[in-house]
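Grab a pen and open the structure viewer. Below are a few exercises, each with a solution worked out in steps.

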Amino acid sequence: MKWSLILLFAGTLYAQDAQRFFYSKSFPGSVPAYVQVTLEKNGEAVYREAPDDELPLKFKLTEAETAEVYALVEKLDNFKHPVESGLKVAFMGTKTFRLEKGAEKSEVQFNYSEEPNAKLLWDWCERLTESAQHRIALDRAAKYDKLGVVRALNLLGSAIERKRVVGLEQYLPTLDRIIKNESYMHTARARASEIAEYIRAGVPAVQ
């Protein structure tokens with residue numbers, strides 16, 4: 001009986017902590033036309049460019065970054081209330097915020113919101129998708145387009161400087177591969193080394 005109560009309590013705590021934040025944006029005509037990110041409470045993130053994407057990109061946020069996202073989710077009352085402004089503005093894509101707790105789900109959809117915390121979370125989601133897209137571009141260039149590596153690195157470096165990139169450590173394996181491989185141009189290797197050193201120096205979480 002005692003162990004049953006302990007297991008039941010542990011299972012309840014796990015269920016409370018086993019949360020997943022889901023974000024998607026559908027914007028026909030844009031490139032890509034659809035993006036989706038899920039973020040677990042342990043910081044594990046998955047990026048897709050189609051709901052049935054069989055080759056999603058996986059990366060991880062820091063504990064501080066993850067906590068900031070989930071704090072905004074809480075401030076929005078776990079998406080139990082609408083956030084759409086209702087203003088007549090240009091269509092900027094249908095965005096979805098959703099919190100999943102086991103079988104329980106709560107979500108909101110909107111085109112544009114003036115709710116401060118919704119705008120902050122929206123910006124976070126944009127940074128998550130931009131971070132994944134920079135990773136995809138860099139990995140693709142490193143593998144298939146060595147002449148395009150410098151451009152991919154410069155775009156990544158610029159995004160980092162503008163604080164548009166999160167989960168910085170995800171780039172280190174590719175950066176290190178470029179640094180160590182003499183088949184890449186010296187300019188590419190030097191730029192990769194510069195970015196890798198910046199990341200390893202310990203950049204504070206994006207505010």
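**Exercise 1. Work out which element gives the largest share of the lining of the largest pocket, and describe that lining.**

Before we start, keep in mind that this is a predicted model.

Step 1. Look at who supplies the residues: α3 gives the largest share of the lining, eight residues. Strand β3 (44-48) also turns up, since β3 and α3 each supply at least two lining residues.

Step 2. Get a feel for the space, which comes to about 400 Å³. There are 17 residues lining the pocket, and the closest to its centre are Leu55, Leu57, Ile136, Ala137 and Arg140.

Step 3. Sort the lining by class: nine residues are nonpolar, one is polar and seven are charged.

**Exercise 2. Decide how helix α3 runs relative to helix α4, and say which residues meet.**

Step 1. You'll need two numbers here. Two packed helices are described by the angle between their axes and the distance between those axes.

Step 2. For α3 (residues 116-144) and α4 (residues 149-161), the axes come within 9 Å and cross at roughly 160°. Angles over 145 degrees count as roughly antiparallel, so α3 is roughly antiparallel to α4.

Step 3. Check the handedness: α3 passes α4 in a left-handed crossing.

Step 4. Now find the touching residues. On the α3 side you have His134, Ala137, Leu138, Ala141 and Ala142. They meet Val149, Ala152, Leu153, Leu155, Leu156 and Ala159 of α4. This contact splits into 10 nonpolar residues, one polar and no charged.

Step 5. Spot a link with Exercise 1: Ala137 is part of this contact, and Ala137 is also among the residues closest to the pocket centre.

**Exercise 3. Do the same for α3 and helix α5.**

Step 1. Helix α5 covers residues 172-180, and α3 packs against α5 at an angle of about 30°, with the axes 10 Å apart.

Step 2. Angles under 35 degrees count as roughly parallel, so α3 and α5 are roughly parallel to each other. The crossing is left-handed.

Step 3. The contact is made by Leu138, Asp139 and Ala142 of α3 together with Thr174, Leu175 and Ile178 of α5. By class, that's four nonpolar, one polar and one charged.

Step 4. Compare your lists: Leu138 and Ala142 touch α5, and both also turn up in the contact with α4.

**Exercise 4. Follow the chain on and describe how α5 packs with helix α6.**

Step 1. The angle between α5 and α6 (residues 186-200) is about 140°, and their axes are 8 Å apart. This crossing is left-handed.

Step 2. From α5, the residues involved are Leu172, Leu175, Asp176, Ile178 and Ile179. Their partners in α6 include Ala188, Arg189, Ala192 and Ile195.

Step 3. Sorted by class, the contact has nine nonpolar, one polar and three charged residues.

**Exercise 5. Two backbone oddities: where is Pro32 found, and what is phi of Asn78 near?**

Step 1. Pro32 is in the loop between β1 (19-26) and β2 (34-40). The peptide bond from Val31 to Pro32 is cis, with omega near -5°.

Step 2. Phi of Asn78 is near 55°, which is positive although Asn78 isn't a glycine. You'll find Asn78 in the loop between α2 (63-75) and β5 (94-101).

Notes:
Residues are numbered from 1 along each chain as its sequence is written. This is a predicted model: local features need pLDDT of at least 70, side-chain atom pairs count only at pLDDT 80 or more; totals for chains, interfaces and linings use all residues. Side-chain values use heavy atoms; hydrogens and water are left out. Axes are lines fitted to C-alpha atoms, for helices over the stretch in contact, and angles run from 0 to 180 degrees between N-to-C directions. Helices (H or I, at least four residues) and strands (E, at least two) are DSSP runs, numbered from the N terminus. Angles under 35 degrees count as roughly parallel, over 145 as roughly antiparallel, 65 to 115 as roughly perpendicular and the rest as oblique. A crossing is left-handed if the near helix is turned anticlockwise from the far one by less than a right angle, and right-handed if clockwise. Contact means heavy atoms within 4.5 Å. Ala, Val, Leu, Ile, Met, Phe, Trp, Tyr, Cys and Pro count as nonpolar, Asp, Glu, Lys and Arg as charged, and the others, Gly among them, as polar. On a 1 Å grid over the protein atoms alone, a cavity is a set of points where a 1.4 Å probe fits but cannot get out, and a pocket is an open set with protein on both sides within 12 Å along at least five of seven lines; lining residues have an atom within 4 Å of a point. Grid points are joined across faces, edges and corners, and a volume is the space filled by probe spheres set on the points.
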